[in-house]
Amino acid sequence: MKSDQHPWLQWYPGALALARQILNGSDEAADIVQTAYLKSFQNVRLPNEAKAQRAWLLKVVRNACIDVLRGQKKFADSEQNTDVEVDCSPEQSWLQDSRKQRVHQALTALPIDMREILVLRELNELAYDDIAKVLRIERGTVMSRLHRARMALRKKLQGLENERGEV
Amino acid sequence: MSKAIQCEAIEPLLSGFLDDELSQSESQRVALHLKRCEKCSALLAELETVHTDLKETLHEQSGHTAAEIEQLDKLLNDKPSKWLGTTAWLLVILGALVVGGYAIWELGLALWQDTSQPVWLRASIAALYLGFAGLFVMVLRQRIKSLKTDKYRKVKL
C-alpha cells in the first residue's frame, strides 16, 4: 500500500471479501465496492472517526449487496446455498493447499448471515461493537451468532475431514 | 451446579473469550471453568484453530488486484469532479431559491396591492407574510437564547 493513497483504500480487501461472501463470489462484488466508496464520499454526514467510517463503508457495501440479492430474490431462501458446489476459478489456484481448500468449502456451505459475520470478524477484524453497527443487531446477538457460525464451520470441517478419511 | 450445566453456560461465551470481547467478570468465569474442564478447553483450542485457518484462507482468497485499488484511488482523488458536483448543486439550489422566492413575493405583493381582489385573499396574503416573519423571529430568538445558555457549547468531543 502506497502512503499517498487514500486512507480508506486499506479497507478495500476486507470490503471486497465481504461483498464476495454475501454475493457468493459474484463478479459484481468489485463494482459494488467501488460504488460504495464513491457513494460514501458524497455523504455529508460522514463520521469523523476512522473506526466509525470503516463500519459505515462496510454497511454501505452490505446494503448494496443485499439490494442485489433482493433483485435476484435469493436472499429469502439462503438455504439453497447449502449444497453449492465450490467453483474453482483460475484465480483460486491457492486451493492446492488442501486444508485451506476444505476451510473454503466449509465456508461456502454456510448460510449468508454466518458467512458475512465471519468475514467481518476474521478478515476485517472488527470489534463486536462495530459488527453490531454494520449488521444493525445487538452486541449480544453478534457474540451468539458469531459463535454459532464458528461452531457450524467447525462441524462442516469435521464432516469434510471425515469424508476425506474414508476415501 | 453440575458440570454439564456449567459447560452449557460457558460454551456460548467461548467465542467472545477467544476474541477478548467479554466483560472482566465473564472472562474470569470462563477462565476458571477452563482450568477445570478439559472438554471446554479442547473446544476452545479447536475454535482457535478454525479461527486462524479461516483468517489465513480469507486473506489469501480476497483476490483483488493492485490495479483495482489504483483505479479506485484515482476515482476518489478526482478532486475536480467532486468540486464541480458540489458547486453545480449549490448553484442549482441557490438559483431555485432566489427565483422561487422572488416569484412568490411578486405574486403575493401584486395580489395584495390589487384592490380589485377580494378582501379575504388580500388578508390571507398579509397573514402569510406576517406568519413567516413571526416564525423567523421565533427561531432567531430561540437560537440566540440557546447560544447564551448552552453550557456544553465549548465542550469539544
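**Two helical chains and their interface**

Good morning. I begin with one element of chain A: helix α6, residues 128–135, has 6 of its 8 residues buried, so this helix is largely enclosed by the rest of the structure. Please keep in mind throughout that this is a predicted model.

Which residues of α6(A) are buried? They are Tyr128(A), Asp130(A), Ile131(A), Ala132(A), Val134(A) and Leu135(A). Directly after the helix comes Arg136(A), with a positive phi near 55 degrees.

Let me now place that helix in its chain. Chain A contains 7 helices and 0 strands, and its pattern along the sequence reads α-α-α-α-α-α-α. The chain has 167 residues, and 49% of them count as buried. If we take the contacts in chain A with a separation of 6 or more, residues 24 or more positions apart account for 65% of them. Chain A exposes about 8700 Å², and carbon and sulfur atoms supply 47% of that area.

I would like to consider a single residue of chain A, Ser40(A). This serine lies in helix α2 of chain A, which spans residues 28–42. Is Ser40(A) buried or exposed? Its relative accessibility is 1%, and because buried means under 20%, Ser40(A) counts as buried. What does the side chain of Ser40(A) reach? The partner is the backbone oxygen of Ala36(A), at 2.8 Å. Leaving aside residues up to four places away in sequence, Ser40(A) also touches Trp8(A), Leu46(A), Trp56(A), Leu57(A) and Val60(A).

I turn to the second chain. Chain B likewise has its helices and strands counted, at 7 and 0 respectively. From the N terminus on, the elements of chain B run α-α-α-α-α-α-α. Chain B has 157 residues, of which 21% count as buried. For contacts in chain B between residues at least 6 apart in sequence, 40% join residues at least 24 apart. The accessible surface of chain B comes to about 12000 Å², with 66% belonging to carbon and sulfur atoms.

The remaining topic is the interface. How many residues does each chain bring to the contact? Chain A gives 39 residues and chain B gives 38. Between them, the two chains bury about 3700 Å², with 61% of this area on carbon and sulfur atoms.

There are also charged and polar pairs to report. Across the interface of chain B and chain A, 7 salt bridges are found. One of the salt bridges joins Arg139(A) to Glu21(B), where the closest N and O atoms are 2.7 Å apart. Polar contact between chain B and chain A comes to 13 residue pairs, counting pairs with both residues at pLDDT 80 or more.

Which elements of chain B give two or more residues to the side that touches chain A? They are α2 (14–18), α4 (38–61) and α5 (66–76) of chain B. The largest share of that side, 15 residues, comes from α4(B). By residue type, the side of chain B that touches chain A divides into 14 nonpolar, 12 polar and 12 charged residues.

To close, I return to two points. In chain A, helix α6 is largely enclosed, with 6 of its 8 residues buried. On the side of chain B that touches chain A, α4(B) supplies the largest share of the residues. Thank you for your attention.

Conventions:
Residues numbered from 1 in each chain as written. Chains lettered and ligands numbered in written order. Predicted model: local features only at pLDDT ≥ 70, side-chain atom pairs only at ≥ 80, totals over all residues. Heavy atoms only, no water. Helix = DSSP H or I, 4+ residues; strand = E, 2+ residues; numbered from the N terminus. Buried < 20%, exposed > 50% of the residue type's maximum accessible area, 1.4 Å probe, protein only. Polar contact = N/O pair within 3.5 Å; in protein donor to acceptor, adjacent residues only side chain to side chain. Contact = heavy atoms within 4.5 Å. Buried area = accessible area lost by both parts, 1.4 Å probe. Salt bridge = Lys/Arg side-chain N within 4 Å of Asp/Glu carboxyl O. Nonpolar A, V, L, I, M, F, W, Y, C, P; charged D, E, K, R; others polar. Areas by Shrake-Rupley, 256 points an atom, 1.4 Å probe, with all protein chains shown as cover.
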